[in-house]
Amino acid sequence: ATPLIIDTDPGVDDAFAIALAARSPEVELKGLTTVFGNVGLDLTTANALRLLAHLGRTDVPVVKGSEGPGGAADVHGADGLGGQALTLPENPVPISGEDVVRFFADTITPDTVVAAIGPLTNIAAALEAGVEFPRLIVMGGGLGLGNMTARAEFNFWADAKAARTVIRKGNPVVVPLNLTQRCIADTEFLANVDPVLSNLTGTYRAYLAAHKDQNHSDREEGILIHDAVAVAEAIVPGTLKLETHGLDIDDEGALVEGKHQVEVAVETDWPALRSFMEQRLSV
Ligand code: BDR
Ligand code: CA
(Lines give C-alpha, C1' and ligand atoms only; values in the text may rest on other atoms or scores of the structure.)
(Ligands and ions follow the chains in the order given, each with its own letter.)
Protein backbone atom coordinates (compact mmCIF):
# COMPACT_ATOMS: atom_id res chain seq x y z
CA ALA A 1 0.00 0.00 0.00
CA THR A 2 1.12 3.55 -0.71
CA PRO A 3 2.01 5.54 2.43
CA LEU A 4 -0.29 8.57 2.66
CA ILE A 5 -0.29 11.62 4.94
CA ILE A 6 -3.31 13.95 4.83
CA ASP A 7 -2.81 17.60 5.78
CA THR A 8 -6.29 18.77 6.69
CA ASP A 9 -8.70 21.26 8.33
CA PRO A 10 -11.81 19.16 8.98
CA GLY A 11 -14.25 20.37 7.57
CA VAL A 12 -17.13 18.36 6.14
CA ASP A 13 -15.53 17.50 2.80
CA ASP A 14 -12.26 16.80 4.64
CA ALA A 15 -14.22 14.23 6.68
CA PHE A 16 -15.32 12.49 3.49
CA ALA A 17 -11.73 12.56 2.19
CA ILE A 18 -10.30 11.11 5.42
CA ALA A 19 -12.95 8.38 5.51
CA LEU A 20 -12.23 7.50 1.88
CA ALA A 21 -8.53 7.07 2.64
CA ALA A 22 -9.14 5.18 5.89
CA ARG A 23 -11.34 2.70 4.05
CA SER A 24 -9.10 2.16 1.02
CA PRO A 25 -6.59 -0.70 1.12
CA GLU A 26 -4.49 0.90 -1.65
CA VAL A 27 -3.13 3.43 0.84
CA GLU A 28 -1.70 3.18 4.32
CA LEU A 29 -2.61 6.23 6.37
CA LYS A 30 0.56 7.36 8.15
CA GLY A 31 -0.90 10.40 9.87
CA LEU A 32 -3.18 13.39 9.76
CA THR A 33 -1.47 16.75 10.11
CA THR A 34 -3.86 19.52 11.02
CA VAL A 35 -4.06 23.16 10.02
CA PHE A 36 -6.47 26.03 10.70
CA GLY A 37 -8.93 26.71 7.91
CA ASN A 38 -12.61 25.92 7.95
CA VAL A 39 -12.42 26.59 11.70
CA GLY A 40 -9.53 27.28 14.10
CA LEU A 41 -6.71 24.82 14.76
CA ASP A 42 -7.98 23.45 18.10
CA LEU A 43 -11.27 22.46 16.49
CA THR A 44 -9.79 21.03 13.28
CA THR A 45 -7.42 18.95 15.43
CA ALA A 46 -10.22 17.75 17.72
CA ASN A 47 -12.30 16.89 14.65
CA ALA A 48 -9.45 14.91 13.09
CA LEU A 49 -9.15 12.84 16.29
CA ARG A 50 -12.87 12.17 16.54
CA LEU A 51 -13.18 11.24 12.87
CA LEU A 52 -10.41 8.67 13.27
CA ALA A 53 -12.15 7.27 16.34
CA HIS A 54 -15.37 6.91 14.36
CA LEU A 55 -13.46 5.20 11.56
CA GLY A 56 -11.87 2.75 14.00
CA ARG A 57 -8.44 4.15 13.15
CA THR A 58 -7.07 5.31 16.49
CA ASP A 59 -3.76 3.83 15.28
CA VAL A 60 -3.28 6.87 12.98
CA PRO A 61 -1.38 9.71 14.66
CA VAL A 62 -2.73 13.26 14.62
CA VAL A 63 -0.05 15.94 14.51
CA LYS A 64 -1.14 19.47 15.33
CA GLY A 65 0.16 22.00 12.83
CA SER A 66 -0.28 25.72 12.18
CA GLU A 67 -2.83 28.20 13.50
CA GLY A 68 -4.15 31.11 11.47
CA PRO A 69 -7.29 33.14 10.97
CA GLY A 70 -9.92 30.48 10.34
CA GLY A 71 -13.34 30.92 8.98
CA ALA A 72 -15.85 29.08 6.89
CA ALA A 73 -18.36 28.45 9.68
CA ASP A 74 -21.21 29.47 7.37
CA VAL A 75 -20.35 26.43 5.25
CA HIS A 76 -19.03 23.89 7.77
CA GLY A 77 -20.74 25.00 11.01
CA ALA A 78 -19.20 26.67 14.07
CA ASP A 79 -17.55 23.38 15.06
CA GLY A 80 -16.42 22.60 11.49
CA LEU A 81 -18.66 19.54 11.24
CA GLY A 82 -22.14 20.94 10.83
CA GLY A 83 -22.74 21.16 14.57
CA GLN A 84 -22.34 17.38 14.81
CA ALA A 85 -18.70 17.03 15.95
CA LEU A 86 -19.66 15.92 19.45
CA THR A 87 -21.81 13.09 18.08
CA LEU A 88 -18.54 11.46 16.98
CA PRO A 89 -16.76 9.31 19.58
CA GLU A 90 -13.89 10.61 21.66
CA ASN A 91 -10.47 9.37 20.64
CA PRO A 92 -8.53 7.98 23.62
CA VAL A 93 -5.20 8.69 21.90
CA PRO A 94 -3.71 12.14 22.56
CA ILE A 95 -2.34 14.47 19.88
CA SER A 96 1.18 13.47 18.90
CA GLY A 97 3.61 15.90 20.51
CA GLU A 98 5.76 16.05 17.38
CA ASP A 99 6.36 19.30 15.52
CA VAL A 100 4.60 19.17 12.15
CA VAL A 101 7.68 19.96 10.03
CA ARG A 102 9.66 17.36 11.98
CA PHE A 103 6.87 14.83 11.41
CA PHE A 104 7.00 15.37 7.64
CA ALA A 105 10.81 15.12 7.66
CA ASP A 106 10.74 11.91 9.73
CA THR A 107 7.81 10.18 8.05
CA ILE A 108 8.06 10.89 4.31
CA THR A 109 9.74 8.12 2.31
CA PRO A 110 10.37 8.17 -1.47
CA ASP A 111 6.98 6.56 -2.14
CA THR A 112 4.93 8.67 0.29
CA VAL A 113 2.05 10.75 -1.05
CA VAL A 114 0.96 13.85 0.85
CA ALA A 115 -2.56 15.14 0.14
CA ALA A 116 -3.01 18.73 1.32
CA ILE A 117 -6.68 19.64 1.64
CA GLY A 118 -6.58 22.80 3.77
CA PRO A 119 -4.60 26.07 3.75
CA LEU A 120 -0.98 25.32 2.86
CA THR A 121 0.73 26.78 5.93
CA ASN A 122 2.22 23.47 7.18
CA ILE A 123 3.36 22.37 3.73
CA ALA A 124 5.03 25.71 2.95
CA ALA A 125 6.82 25.67 6.32
CA ALA A 126 8.13 22.18 5.54
CA LEU A 127 9.28 23.23 2.06
CA GLU A 128 11.06 26.26 3.53
CA ALA A 129 12.79 23.91 5.98
CA GLY A 130 14.03 21.76 3.08
CA VAL A 131 11.59 18.86 3.34
CA GLU A 132 11.01 17.18 -0.01
CA PHE A 133 7.59 15.91 -1.04
CA PRO A 134 7.94 13.11 -3.62
CA ARG A 135 4.24 13.43 -4.55
CA LEU A 136 2.14 16.33 -3.30
CA ILE A 137 -1.53 16.53 -4.24
CA VAL A 138 -3.18 19.83 -3.33
CA MET A 139 -6.87 20.72 -3.36
CA GLY A 140 -7.07 24.42 -4.06
CA GLY A 141 -7.32 27.30 -6.48
CA GLY A 142 -9.60 27.95 -9.36
CA LEU A 143 -8.66 29.17 -12.80
CA GLY A 144 -10.75 32.26 -13.40
CA LEU A 145 -12.98 31.10 -10.58
CA GLY A 146 -13.25 31.39 -6.79
CA ASN A 147 -15.44 30.59 -3.82
CA MET A 148 -14.03 33.22 -1.39
CA THR A 149 -13.77 36.10 -3.84
CA ALA A 150 -14.69 36.01 -7.51
CA ARG A 151 -11.16 34.78 -8.28
CA ALA A 152 -9.80 33.18 -5.12
CA GLU A 153 -10.51 29.75 -3.72
CA PHE A 154 -10.61 29.29 0.07
CA ASN A 155 -7.49 27.15 0.73
CA PHE A 156 -5.22 29.38 -1.38
CA TRP A 157 -6.86 32.60 -0.19
CA ALA A 158 -6.53 31.63 3.52
CA ASP A 159 -2.71 31.64 3.25
CA ALA A 160 -1.79 33.12 -0.12
CA LYS A 161 1.91 33.30 0.74
CA ALA A 162 2.00 29.59 1.55
CA ALA A 163 0.07 28.76 -1.62
CA ARG A 164 2.65 30.70 -3.61
CA THR A 165 5.52 28.80 -1.98
CA VAL A 166 3.84 25.50 -2.82
CA ILE A 167 3.15 26.45 -6.45
CA ARG A 168 6.70 27.73 -6.91
CA LYS A 169 8.67 25.11 -4.98
CA GLY A 170 6.46 22.14 -4.16
CA ASN A 171 5.96 20.60 -7.61
CA PRO A 172 2.33 19.87 -6.72
CA VAL A 173 -0.57 18.28 -8.51
CA VAL A 174 -3.26 20.96 -8.16
CA VAL A 175 -6.89 19.86 -7.97
CA PRO A 176 -8.81 23.11 -8.57
CA LEU A 177 -12.39 24.20 -8.08
CA ASN A 178 -12.95 24.06 -11.84
CA LEU A 179 -12.93 20.27 -11.48
CA THR A 180 -14.26 19.76 -7.95
CA GLN A 181 -17.32 21.96 -8.54
CA ARG A 182 -18.45 19.45 -11.13
CA CYS A 183 -18.31 16.57 -8.63
CA ILE A 184 -21.58 16.81 -6.74
CA ALA A 185 -22.36 14.40 -3.94
CA ASP A 186 -26.09 14.44 -4.54
CA THR A 187 -28.91 13.44 -2.19
CA GLU A 188 -28.88 9.86 -3.40
CA PHE A 189 -25.13 9.58 -2.77
CA LEU A 190 -25.53 10.99 0.72
CA ALA A 191 -28.33 8.51 1.43
CA ASN A 192 -26.12 5.59 0.40
CA VAL A 193 -23.01 6.37 2.43
CA ASP A 194 -22.20 6.02 6.15
CA PRO A 195 -25.05 7.90 7.89
CA VAL A 196 -22.59 9.28 10.42
CA LEU A 197 -20.87 11.14 7.57
CA SER A 198 -24.13 12.26 5.95
CA ASN A 199 -25.20 13.57 9.33
CA LEU A 200 -22.38 16.15 9.17
CA THR A 201 -23.67 17.80 5.99
CA GLY A 202 -26.76 19.75 7.15
CA THR A 203 -25.16 23.19 7.46
CA TYR A 204 -23.29 22.69 4.19
CA ARG A 205 -26.46 21.75 2.31
CA ALA A 206 -28.27 24.76 3.76
CA TYR A 207 -25.40 27.02 2.68
CA LEU A 208 -25.41 25.72 -0.88
CA ALA A 209 -29.18 26.03 -1.10
CA ALA A 210 -28.99 29.63 0.15
CA HIS A 211 -26.29 30.53 -2.39
CA LYS A 212 -27.81 28.83 -5.39
CA ASP A 213 -28.20 32.19 -7.10
CA GLN A 214 -24.51 33.10 -6.66
CA ASN A 215 -21.66 30.77 -7.55
CA HIS A 216 -23.75 27.66 -7.12
CA SER A 217 -26.32 28.23 -9.82
CA ASP A 218 -28.20 25.47 -11.63
CA ARG A 219 -26.68 22.80 -9.44
CA GLU A 220 -28.44 19.65 -8.31
CA GLU A 221 -29.06 19.42 -4.61
CA GLY A 222 -26.14 17.98 -2.68
CA ILE A 223 -22.70 18.95 -1.48
CA LEU A 224 -19.31 19.47 -3.07
CA ILE A 225 -16.70 17.05 -1.79
CA HIS A 226 -13.67 18.91 -3.14
CA ASP A 227 -11.18 17.25 -0.79
CA ALA A 228 -12.36 13.70 -1.45
CA VAL A 229 -11.80 14.24 -5.20
CA ALA A 230 -8.16 15.17 -4.51
CA VAL A 231 -7.62 12.22 -2.14
CA ALA A 232 -9.08 9.82 -4.74
CA GLU A 233 -6.08 10.61 -6.96
CA ALA A 234 -3.78 9.56 -4.11
CA ILE A 235 -5.67 6.27 -3.73
CA VAL A 236 -5.95 5.36 -7.42
CA PRO A 237 -3.47 7.37 -9.51
CA GLY A 238 -4.98 8.20 -12.88
CA THR A 239 -8.44 8.86 -11.46
CA LEU A 240 -7.98 12.50 -12.48
CA LYS A 241 -6.71 13.58 -15.89
CA LEU A 242 -3.68 15.84 -15.41
CA GLU A 243 -2.29 18.54 -17.69
CA THR A 244 0.78 20.71 -17.22
CA HIS A 245 0.05 24.44 -16.91
CA GLY A 246 2.21 27.50 -16.24
CA LEU A 247 0.77 29.01 -13.05
CA ASP A 248 1.39 31.37 -10.15
CA ILE A 249 -0.50 32.88 -7.20
CA ASP A 250 -1.30 36.60 -7.07
CA ASP A 251 -1.46 38.79 -3.95
CA GLU A 252 -5.12 38.01 -3.42
CA GLY A 253 -4.43 34.27 -3.37
CA ALA A 254 -5.89 33.70 -6.82
CA LEU A 255 -4.42 31.01 -9.05
CA VAL A 256 -3.30 32.77 -12.22
CA GLU A 257 -1.26 32.03 -15.31
CA GLY A 258 2.46 32.25 -14.65
CA LYS A 259 5.81 30.69 -15.29
CA HIS A 260 5.78 27.81 -12.79
CA GLN A 261 4.97 24.54 -14.49
CA VAL A 262 2.61 22.43 -12.38
CA GLU A 263 0.24 19.58 -13.03
CA VAL A 264 -3.43 20.47 -12.87
CA ALA A 265 -6.35 18.05 -12.67
CA VAL A 266 -8.71 18.98 -15.48
CA GLU A 267 -11.13 16.11 -15.82
CA THR A 268 -12.51 12.95 -14.27
CA ASP A 269 -15.15 10.36 -15.01
CA TRP A 270 -17.43 11.55 -12.21
CA PRO A 271 -20.08 8.81 -12.50
CA ALA A 272 -17.32 6.20 -12.09
CA LEU A 273 -15.62 8.08 -9.26
CA ARG A 274 -18.96 8.68 -7.60
CA SER A 275 -19.71 4.93 -7.47
CA PHE A 276 -16.19 4.18 -6.26
CA MET A 277 -16.64 6.61 -3.38
CA GLU A 278 -20.15 5.38 -2.64
CA GLN A 279 -18.86 1.83 -2.37
CA ARG A 280 -15.94 2.72 -0.13
CA LEU A 281 -17.97 5.06 2.10
CA SER A 282 -20.98 2.84 2.63
CA VAL A 283 -21.15 0.78 5.81
C1 BDR B 1 -11.83 23.93 0.16
O2 BDR B 1 -12.13 24.88 1.18
C3 BDR B 1 -12.61 24.22 2.32
O4 BDR B 1 -13.72 24.90 2.85
C5 BDR B 1 -12.94 22.81 1.91
O6 BDR B 1 -12.72 21.92 2.99
C7 BDR B 1 -11.99 22.56 0.78
O8 BDR B 1 -10.73 22.10 1.25
C9 BDR B 1 -12.72 24.18 -1.02
O10 BDR B 1 -12.52 25.47 -1.51
CA1 CA C 1 -10.46 21.26 3.54
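What follows is a chat between a student and a tutor about a predicted model, covering a ligand shell and two helix pairs.

Student: Let's start with ligand 1. Which elements give two or more residues to the shell around it?

Tutor: The shell around ligand 1 holds 15 residues, and Gly11, Asp13, Ala72, Phe154 and His226 come nearest. As for elements giving two or more residues, they are α1 (12-22), α6 (154-158) and α12 (226-235).

Student: By class, how many residues of the shell around ligand 1 are charged?

Tutor: Take the other classes before the charged one. The shell has 5 nonpolar and 6 polar residues. What is left to name is the charged class, and its count is 4.

Student: Now the helices. Are α1 and α12 roughly parallel or roughly antiparallel to each other?

Tutor: Start with the geometry: their axes are 7 Å apart, and the packing angle is about 20 degrees. Angles under 35 degrees count as roughly parallel. So the verdict for α1 and α12 is roughly parallel.

Student: Is the crossing of α1 and α12 left-handed or right-handed? And how many nonpolar residues does their contact have?

Tutor: α1 passes α12 in a right-handed crossing. On the α1 side the contact uses Asp13, Asp14, Phe16, Ala17, Leu20 and Ala21, and these meet α12 residues including His226, Ala230 and Val231. By class, that contact has 1 polar residue, 3 charged ones and, for the nonpolar class, 9.

Student: Val231 caught my eye. Is Val231 buried or exposed?

Tutor: Val231 sits in helix α12. Leaving out residues up to four places away in sequence, Val231 touches Ile6, Ala17, Leu20, Ala21, Ala115 and Ile117. The cut-off for burial is 20 or more other C-beta atoms within 10 Å. Val231 has 31 of them within 10 Å, so Val231 is buried.

Student: What separates the C-alpha atoms of Val231 and Val113?

Tutor: Along the chain, Val231 and Val113 are 118 residues apart. In space, the separation of their C-alpha atoms is 9.8 Å.

Student: And the other pair: are α5 and α7 roughly parallel or oblique to each other?

Tutor: Helix α5 covers residues 121-128 and helix α7 covers residues 160-169; their axes are 8 Å apart, at an angle of about 50 degrees. Roughly parallel needs an angle under 35 degrees, and roughly perpendicular starts at 65. The pair α5 and α7 is therefore oblique.

Student: Which residues of α7 make the contact with α5?

Tutor: The crossing of α5 and α7 is left-handed. From α5, the contact takes Thr121, Ile123, Ala124, Leu127 and Glu128. From α7 come Ala162, Thr165, Val166 and Lys169.

Terms used: Residues numbered from 1 in each chain as written. Chains lettered and ligands numbered in written order. Predicted model: local features only at pLDDT ≥ 70, side-chain atom pairs only at ≥ 80, totals over all residues. Near = placed C-beta within 6 Å. Helix = DSSP H or I, 4+ residues; strand = E, 2+ residues; numbered from the N terminus. Nonpolar A, V, L, I, M, F, W, Y, C, P; charged D, E, K, R; others polar. Axes fitted to C-alpha atoms, helices over the stretch in contact; angles between N-to-C directions. Parallel < 35°, antiparallel > 145°, perpendicular 65-115°, else oblique. Left-handed = near helix turned anticlockwise from the far one by under 90°. Contact = placed C-beta atoms within 7 Å. Buried ≥ 20, exposed ≤ 12 C-beta atoms within 10 Å, placed from the backbone.
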